[in-house]
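Dear colleague,

With this message I am handing over a structure for your consideration. The sequence and the coordinates come first, and my account of what was found follows.

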Amino acid sequence: MPAGAGEANPSPNSATPHPAAPAHAAPVHEPVVANPTLDLSGHKRLGKASFYAQKFAGRKMADGTIMRPQSDNAASKTLPLGTTAKVTNLETGQSTVVTIRDRGPYIQGRIVDLSPSTAKEIGIDHKNGVAKVEVAPIAVPLPDGSVKLGAAAADAAITEARNNAISEARNN
């Protein structure tokens with residue numbers, strides 16, 4: 001289980017407003033839900049990202065894999081396990097692709113927990129700890145075994161095509 005918080009499920013282009021808490025207030029922890037309602041829409045969502053505490057390294061995640069601090073694993077309360085998504089730090093503009101392998105975070109306003117190396121990749125470190133992010137699904141596994149392309153699928157296809165073209169040019 002990650003060290004994190006609750007996940008908002010906003011409309012595709014807006015964040016769910018939360019009342020402002022005093023800076024000194026402790027985070028509001030939300031209950032762990034055994035079978036959360038899954039968001040199969042593929043829409044973007046806005047919220048805050050945090051990262052797994054070191055104590056979770058080596059523990060099993062919800063999908064049965066081991067949490068490795070150097071991998072691209074992430075936790076979401078509502079995205080189906082196996083979803084790939086582009087996470088963009090709205091403060092730095094840095095993005096990375098993650099795979100949802102775990103449930104959480106469970107603190108109000110947070111929508112994703114990232115592995116420490118992935119968090120660092122987009123500018124989240126121990127000093128700042130939390131950042132405003134956009135989570136845009138690329139591929140969402142559906143209950144019937146099919147896959148739905150999400151909001152960031154076009155971006156991923158363009159990036160892959162560009163990388164293939166560069167690789168091909170270097171090989172010729």
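I begin with the pairing of the strands. Strand β2, residues 73-75, and strand β4, residues 95-102, pair in the parallel sense, and three bridges connect them. One of the residues involved is Ala75, whose bridge partner in β4 is Asp102. Strand β4 also pairs with strand β3, which covers residues 84-89; here the two strands run antiparallel and are joined by five bridges. In this second pairing, Thr84 has Thr99 of β4 as its bridge partner. Strands β3 and β4 form a hairpin with five residues between them, and in the turn Gly93 has a positive phi of about 80 degrees. As general background, most residues other than glycine have a negative phi, and most peptide bonds are trans.

Please keep in mind throughout that this is a predicted model. Its chain has two helices and seven strands. Read from the N terminus, the order of the elements is β-β-β-β-β-α-β-β-α. The chain has 172 residues, of which 38% count as buried. Among contacts with a separation of 6 or more, 75% are between residues 24 or more positions apart.

The interior may be described next. The largest nonpolar core has 17 residues, and those with the most contacts inside it are Val87, Val98, Val112, Leu114, Ile124, Val133 and Val135. At least two residues of this core come from each of β1, β3, β4, β5 (110-114) and β6 (131-141). A second, separate core has five residues, among them Tyr52, Phe56, Met61 and Met67.

Which residues does Val87 contact, leaving aside its neighbours within four places in sequence? They are Gln94, Ser95, Thr96, Val98, Leu114, Ile122, Val133, Glu134 and Val135.

Asn89 also deserves a description. This residue is found in strand β3, and it counts as buried because its relative accessibility is 1%. The side chain of Asn89 reaches the backbone oxygen of Ile122 at 2.8 Å. Not counting residues up to four places away in sequence, Asn89 touches Gln94, Ile122, Gly123, Ile124, Ala131, Lys132 and Val133.

How many salt bridges does the structure hold? There are two salt bridges. One is formed by Asp39 and Arg45, with the closest N and O atoms 2.2 Å apart. Both Asp39 and Arg45 are buried.

In the other salt bridge, the side chains of Arg101 and Asp63 meet at 3.3 Å, N to O. This pair links distant parts of the chain, since Arg101 is in strand β4 and Asp63 is in the loop between β1 and β2, 38 residues apart. Arg101 has a relative accessible area of 26% and is therefore partly exposed. Asp63 is likewise partly exposed, because its relative accessibility is 31%.

The structure holds one aromatic pair. Its members are Tyr52 and Phe56, whose ring centres are 6.3 Å apart; the planes stand at 70 degrees, so the pair is edge-to-face. Tyr52 and Phe56 are both buried, and both belong to the second core mentioned above.

Two further places may be useful as you look through the model. The first topic is a peptide bond: Gly104 and Pro105 are joined in the cis form, with omega at about -5 degrees. Pro105 is found in the loop between β4 and β5.

The other topic is His43, which lies in the segment before β1 (45-51). Is His43 buried or partly exposed? His43 counts as partly exposed because its relative accessibility is 38%. The C-alpha atoms of His43 and Ile138 are separated by 9.5 Å, while the two residues are 95 residues apart along the chain.

To recapitulate, strand β4 pairs with β2 in the parallel sense and with β3 in the antiparallel sense. Strand β4 also carries Arg101, the partner of Asp63. Strand β3 contains the buried residue Asn89. Both β3 and β4 supply at least two residues to the largest nonpolar core.

With kind regards

Methods: Residues numbered from 1 in each chain as written. Heavy atoms only, no water. Helix = DSSP H or I, 4+ residues; strand = E, 2+ residues; numbered from the N terminus. Buried < 20%, exposed > 50% of the residue type's maximum accessible area, 1.4 Å probe, protein only. Pairing = 2+ DSSP bridges. Core = buried A, V, L, I, M, F, W, Y, C linked by side-chain atoms within 4.5 Å. Contact = heavy atoms within 4.5 Å. Salt bridge = Lys/Arg side-chain N within 4 Å of Asp/Glu carboxyl O. Phe/Tyr/Trp six-rings, centres within 6.5 Å; stacked < 30°, edge-to-face > 60°. Polar contact = N/O pair within 3.5 Å; in protein donor to acceptor, adjacent residues only side chain to side chain.
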